[in-house]
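Work through the exercises below with the model open. Each task is followed by a worked solution.

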Amino acid sequence: MSQIQEFEKVLSSSDTSVAAFDEHGKSFVKRAQHFLHSTPAAVPLIVLVLSIIIFGIAIGGRFFSSYTLTLILQQIAIVGILGAAQTLVILTAGIDLSIGVIMVISAVIMGNCAITYGMPTILAVIVGLAAGGACGLLNGLLVAYMKLPPFIVTLGTWNIVMATNFIYSANETIRDADVDAQAPLLHLFAMSFRVGSAVLTAGVIATVVLVGVLWYVLNHTAWGRHVYAVGDDQEAAKLSGIQTKKVLITVYALAGLIAAFAAWVSIGRNGSISPSAAVTDYNLQAITATVIGGISLFGGRGSILGTLFGAMIVGVVSMGLNMLGADPQWKVLLTGVLIIGAVAVDQWIRKVSA
Amino acid sequence: MDQKGFGIIMTQEPILTARGLTKRYGRVTALDNADFDLYPGEILAVIGDNGAGKSSLIKAISGAAVPDEGEIRLEGKPVAFKSPMEAREAGIETVYQNLALSPALSIADNMFLGREIRKPGPLGSWLRMLDRPAMEKRARDKLTELGLMTIQNISQAVETLSGGQRQGVAVARAAAFGSKVVIMDEPTAALGVKESRRVLELILDVKKRGLPIVLISHNMPHVFEVADRIHIHRLGRRLCVVDPKQISMSDAVALMTGAKKPPEDALAA
């Protein structure tokens, strides 16, 4: 090989065992840390199972009924879909404060197009999806080209979209009965199937399918790997030849599109279409599900399956406390504890080293 | 090859040349009419004091920055890279000082970042599914070829590797895809004695494969050990090109810092 330099001659006699790992010597905690590092959805899954068990013991068989468990799924469907959108953005080390209101304005546009303007319902849905996608695209362009911090961009668009929503709709609710009569397709996701006492709605199935598809895209396509790479280290991703701007724009646009899809599902769940839903904190709920699901706010880490588990954890906790007849503030308190716990676990897992 | 004293006259055609490169950042002129020549199969070291414009020169060649003026030719044909991607497509691979790896992704994913292999058939064209087995096999082959298979698990995250192993992955990536030129920016800067030795051996391995290498380094012993020619950069331009066998390290440092003027015949190299 190369000419060895004088001071390096001693290397041949040096200890060569530095890189050896002593697997058996590793403490259980270290091995657990490694396992959690390579399987980011494990923590929320464990917490989910634990919370189901705890509430099951506290409440008894009533809680374990398939009716209760599927009811929880129905309640978290919308937050789950919005959480999936939020996950994409947070994986790029960004945040999207606007997806909640994008959902509401998309629902209003779908309703207005179908009922007020009398468009064919399918066209109304497409217009609504396009509007959501366009809002997301605007976020993406501002983040990628203007290089503004995502927090600021989406704080701005959050307000802009919310105001537009109220101005455009004049805060008029479209009634459930009108939707049913003129555009039943908008209620598509309210369709439910009974399997014994379990009730599954199309919305629940759509949520699970959407998360499954996104899981595939994030883990088994080049674009998905690029999303992680951009969130991990944007500069490195760029030098590796990834078109980081394109990745960012598509991520925000897709988040907007998914939020508009959540709008369609929410019309099914709520029945009516109300612009004043914009004041509900869907957005923070989605961020909460994402964070409890183990998606790192610093980007590049976490599994989208975790987000679904995170949403379910919140659903189980609120249903469980409800059934126990606890003050609803306990749910808020427990959510806060879960958020801080999740981020602390994330920091600990990040410290993993070879 | 005809060599005399300081200046070196090569008889072959250079594979990569740059003429009159100029790059200004605001009122700072980072590159001032700089020239550059790389010949086939050689290791060309680029040395220069901090702020001499080495990085700007490398950025211009690797597509990370677009020069304001000047011309770059690859195998005689003029090229104008607007991004590192375009330079890579032309066959110029760069190992950046910060390695440009994504810590959370696996070794195989990192090696193929930006040029992933997709599965054949509808799985690849419709579902855009990555061909992980193929990517992992090629990554493993390349690492084995370069004697880097102390890494047990090709799907382990890069952040679980040591500094030397990471450097190895970055070099293997460049060697696997670089078809014409490999540029290495300070490959031994962050490494220990032993790891530096491995990387120097890697560099010579890559050279043996016939790939010319541009090596940017502050480490004079390393430069003198592996380089065939040394390009000394000073005040935004090429000061001279010297032969490491004909010059001492202290002379090289003296030229680099301006303590010594290069002899007339070296200027034209």
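**Exercise 1. Find which residue of β6(B) stands opposite B:R19, then place β6(B) among its partner strands.**

Solution.
Step 1. B:R19 stands opposite B:E71 in β6(B). This is a predicted model, in which local features need pLDDT of at least 70 and side-chain atom pairs count only at pLDDT 80 or more, while totals for chains, interfaces and linings use all residues. Residues are numbered from 1 along each chain as its sequence is written, and chains are lettered from A and ligands numbered from 1 in the order in which they are written.
Step 2. Take the first partner. Strand β3 (residues 16-25) of chain B runs antiparallel to strand β6 (residues 69-74) of chain B, joined by five bridges. Strands are DSSP runs of E with at least two residues, helices are runs of H or I with at least four, and both are numbered from the N terminus. Two strands pair if DSSP finds at least two bridges between them.
Step 3. Turn to strand β7 (residues 77-79) of chain B. Three bridges pair β7 with β6(B), again in the antiparallel sense. B:I72 faces B:V79 in β7(B).
Step 4. Look at the turn. β6(B) and β7(B) form a hairpin with two residues between them. B:E75 in that turn has a positive phi of about 50°.

**Exercise 2. Write the strand order of the sheet in chain B and say which strands stand at the edges.**

Solution.
Step 1. The order is β4-β3-β6-β7 (chain B), an open sheet of four strands with antiparallel pairing.
Step 2. β4 (28-38) and β7 of chain B stand at the edges. Each has a single partner strand, so one side of each lacks a neighbour in the sheet.
Step 3. From one strand to the next, the twist averages 30°.
Step 4. Add the helix. Helix α1 (residues 54-62) of chain B packs on the sheet and touches β3, β4 and β6 of chain B. Its direction makes about 60° with that of β4(B). Axes are lines fitted to C-alpha atoms, for helices over the stretch in contact, and angles run from 0 to 180 degrees between N-to-C directions. Contact means that C-beta atoms, placed from the backbone, lie within 7 Å.

**Exercise 3. Is B:D68 buried or exposed, or in between?**

Solution.
Step 1. Locate B:D68 in the loop between α1 and β6 of chain B.
Step 2. Count neighbours. B:D68 has 14 other C-beta atoms within 10 Å, so this residue is partly exposed. The cut-offs are 20 or more such atoms for buried and 12 or fewer for exposed, with partly exposed in between.
Step 3. List the contacts. Leaving aside residues up to four places away in sequence, B:D68 touches B:T22, B:K23 and B:R24.

**Exercise 4. Describe how α4 and α9 of chain A each pack on α14(A).**

Solution.
Step 1. Helix α4 (residues 66-91) of chain A meets helix α14 (residues 304-323) of chain A at about 140°, with axes 8 Å apart. That angle makes α4(A) oblique to α14(A). Angles under 35 degrees count as roughly parallel, over 145 as roughly antiparallel, 65 to 115 as roughly perpendicular and the rest as oblique.
Step 2. By class, this contact has eleven nonpolar, eight polar and no charged residues. Ala, Val, Leu, Ile, Met, Phe, Trp, Tyr, Cys and Pro count as nonpolar, Asp, Glu, Lys and Arg as charged, and the others, Gly among them, as polar.
Step 3. Helix α9 (residues 202-220) of chain A packs on α14(A) at about 150°, with axes 8 Å apart. That makes α9(A) roughly antiparallel to α14(A).
Step 4. α9(A) contributes A:V211, A:L214, A:W215 and A:L218, and α14(A) contributes A:I304, A:L305 and A:L308. The classes are seven nonpolar, no polar and no charged.

**Exercise 5. Which element gives the largest share of the side of chain B that touches chain A?**

Solution.
Step 1. Count both sides: 33 residues of chain B are in contact with 24 residues of chain A.
Step 2. α2 (84-89), α7 (193-208) and α8 (220-226) of chain B are the elements giving two or more residues to chain B's side.
Step 3. α7(B) gives the largest share, six residues.
Step 4. Chain B's side has 18 nonpolar, six polar and nine charged residues.

Definitions and conventions: Contact = placed C-beta atoms within 7 Å.
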